[in-house]
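Please open the structure in your viewer and keep the selection tool at hand. The tour below proceeds one selection at a time.

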Amino acid sequence: MSGRLEGRVAVVVGARQTPGDTLANGRAAAILFARGGARVLSVERRLYSAQENVARIQAAGGVPHAREVDATAGAAAYDTSTSRPRHT
């Protein structure tokens with residue numbers, strides 16, 4: 001899969017990991033996208049959860065970014081490039 005996603009951005013919502021030895025689907029997807037050459041944006045409700053993925057994504061060869069976004073507030077409520085509420 002190496003290189004197939006070069007120059008692309010993958011946005012993974014819900015890439016956090018629950019404690020333990022398992023690998024959750026979101027985190028696994030983020031790592032696979034990184035291995036494929038994508039820059040990976042990990043979006044979580046709490047920033048610390050998204051930041052936990054940064055080291056793993058870097059280790060997989062990706063360029064990680066972490067953002068805090070409450071997806072339950074609706075897409076129009078947030079600007080994911082800054083993680084700040086949009087003002088209309």
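**Helix 2 and its cover**

Begin by selecting helix 2: the cover over its buried residues includes helix 1, strand 2 (39-44) and strand 3 (63-68). The model is a predicted one. Within helix 2, which spans residues 47-59, highlight the buried residues S49, A50, N53 and I57. Then move just past the helix to G61, which has a positive phi near 95°.

**The nonpolar core**

Keep I57 selected and add V12, A30, I31, A34, V40 and A60; these seven residues form the largest nonpolar core. Which helix supplies the largest share of this core? Helix 1, residues 25-35, contributes three residues. In soluble globular proteins, nonpolar side chains tend to be buried together.

Next, centre the view on V40. Leaving aside residues up to four places away in sequence, V40 is in contact with A10, V12, A30, F33, A34, I57, V63, P64 and H65.

**The whole chain**

Now select the entire protein chain, which contains two helices and five strands. Followed along the sequence, these elements appear in the order β-α-β-α-β-β-β. Of the contacts between residues at least 6 apart in sequence, 55% join residues at least 24 apart.

Finally, display the surface. The protein chain exposes about 5800 Å², and carbon and sulfur atoms supply 50% of that area. How much of the chain counts as buried? The figure is 31% of the 88 residues.

Key. Residues numbered from 1 in each chain as written. Predicted model: local features only at pLDDT ≥ 70, side-chain atom pairs only at ≥ 80, totals over all residues. Heavy atoms only, no water. Helix = DSSP H or I, 4+ residues; strand = E, 2+ residues; numbered from the N terminus. Buried < 20%, exposed > 50% of the residue type's maximum accessible area, 1.4 Å probe, protein only. Contact = heavy atoms within 4.5 Å. Areas by Shrake-Rupley, 256 points an atom, 1.4 Å probe, with all protein chains shown as cover. Core = buried A, V, L, I, M, F, W, Y, C linked by side-chain atoms within 4.5 Å.
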